[in-house]
Amino acid sequence: MTTTIDSRTSTDVPSREELVARAAALVPLLRRNAERCEQEGKLPEENVRALEEAGLLRLTLPRRYGGYEADTRTKVEVYSELGKGCSSTAWVAGLWSDGTLFTSLMPDHVQDEVFADPNVRITVSFPLGGTVAISDGDGGYRLSGRWPFNTGCAHATYAIRSAVIDPESDAPGFGMFLTPYEGMTIVDDWQVSGLCGTGSNTVTGENIPVPGDRMMHFGDAQQGRFRTERNAATPLYRTPIISTILTTGSLGFPGVARAALDFFLGKIGAGRPITYTTYGDQSQAPIRHHQAAEAALRIRAADALTFEVADIVDRHAADDTPYAEGEHSQLWGQVAYATELYSEAVEILRAASGASAIHKSSPMQRLARDAAALKVHAIMSPTTGLEFHGRALAGLAPNSPLL
């Protein structure tokens with residue numbers, strides 16, 4: 001079955017403002033389900049259905065299949081808005097968006113097969129962990145390995161897997177493989193302190209057959225050389241893979257930080273005292289004014305860095321221009337420094353919320369744990385990203401295979 005809707009026009013596609021408004025409308029539902037999401041270790045079905053019905057899983061889907069081909073700025077704004085309601089839901093939606101995007105870079109007939117289901121969900125896992133793909137002699141591969149961090153795997157049908165191609169050969173490569181979950185095993189090992197609801201479990205598989213048309217060399221993807229013909233002229237689908245990865249990493253924190261600020265301001269505006277002081281109303285205490293302002297301005301500064309990254313990526317895609325030497329290192333540095341600022345803001349708000357915030361019923365403790373989990377993600381790690389940017393400023397070559 002092939003689904004094509006080439007006659008769609010731009011009037012059929014919601015504006016960025018409309019998509020952000022749809023995300024905002026889901027925030028109350030996501031907040032109600034946030035604790036349940038964490039306890040179950042995966043998104044509640046209600047959350048998944050709400051995302052589908054709002055069209056928020058179609059942002060990176062080609063228009064001919066009913067998608068929106070939304071730009072990077074829209075992706076970051078929409079999923080950041082979802083993060084105000086549930087960090088895990090926003091993160092899963094963002095990673096599914098990447099899975100859809102990367103599949104849209106595969107040969108067009110592969111897209112026709114996969115996107116015949118308009119609500120197909122595709123996960124992405126890049127860590128290698130000893131994974132291998134052996135050529136089968138007929139143009140295909142046999143894939144084996146153990147892939148951690150399969151965000152959203154409980155609700156997914158396909159996955160983008162990474163593996164070393166023919167590691168014993170004279171010229172091994174690194175490929176991205178599109179595989180169904182059928183025939184693979186999901187290991188229930190996502191027992192973590194933050195982003196608990198993402199269900200980012202490990203997946204294992206042995207000797208899984210993968211046709212050659214469902215593989216893309218990472219080096220080609222890194223340089224923006226993809227296997228699709230019908231999407232080649234569309235700005236979204238000529239974005240280098242590292243740009244996509246960086247901007248998806250940056251979408252996690254804005255909503256978390258803003259949710260923490262909203263919760264804090266709601267508490268101090270409720271006429272509560274500061275224990276063991278003469279302040280009977282926290283909203284009148286200068287220390288709370290300073291804490292709120294410091295956190296709010298850190299968030300605002302981090303937002304400026306985050307959304308500038310998205311705008312730079314969109315500008316390159318729209319103009320079809322190459323990135324300058326060291327520019328991806330700069331973008332990684334901006335994501336890293338924004339992470340530092342968001343993290344500091346959440347910690348200021350957590351500490352200022354007092355002992356009541358350590359109760360499991362308090363959203364603040366969950367937001368703080370989710371922020372801590374985001375900060376140690378390899379893409380957002382402040383130390384790593386700042387080093388990359390610093391090396392570029394010093395005229396040194398990148399020390400990452402992704403740059």
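**Exercise 1. Which residues does the UniProt annotation "domain: Acyl-CoA dehydrogenase C-terminal" cover?** Describe the secondary structure of that stretch in this predicted model.

Solution. The annotation, taken from an unreviewed UniProt entry, spans residues 255–381. Next, assign secondary structure over residues 255–381: helix accounts for 69% and strand for 0%. Finally, take the C-alpha atoms at the two ends of this stretch, which lie 18 Å apart.

**Exercise 2. Determine how many disulfides the structure holds, and examine Cys-153 and Cys-196.**

Solution. A disulfide is a covalent bond between the sulfur atoms of two cysteines. The criterion is a pair of cysteine sulfur atoms within 2.5 Å. Searching the whole structure gives 0 disulfides. For Cys-153, the nearest cysteine sulfur belongs to Cys-37, 13 Å away. For Cys-196, the closest cysteine sulfur is again in Cys-37, at 8.9 Å, which is too far for a bond. As to accessibility, Cys-153 has a relative accessible area of 2% and is therefore buried. Cys-196 is also classed as buried because its relative accessibility is 10%, the limit being under 20%.

**Exercise 3. Locate Asp-166 and Asp-320, give their phi values, and classify their exposure.**

Solution. Start with Asp-166, in the loop joining β4 (158–165) to β5 (173–180). Its phi is near 45°, a positive value in a residue other than glycine. With 21% relative accessibility, Asp-166 counts as partly exposed.

Turn to Asp-320, in the loop between α9 (286–319) and α10 (327–352). Phi of Asp-320 is positive too, near 55°, and this residue is likewise not a glycine. The relative accessible area of Asp-320 is 53%, so Asp-320 is exposed, the threshold being over 50%.

Notes: Residues numbered from 1 in each chain as written. Predicted model: local features only at pLDDT ≥ 70, side-chain atom pairs only at ≥ 80, totals over all residues. Heavy atoms only, no water. UniProt positions renumbered as here; feature names shortened; annotations may be inferred. Helix = DSSP H or I, 4+ residues; strand = E, 2+ residues; numbered from the N terminus. Buried < 20%, exposed > 50% of the residue type's maximum accessible area, 1.4 Å probe, protein only.
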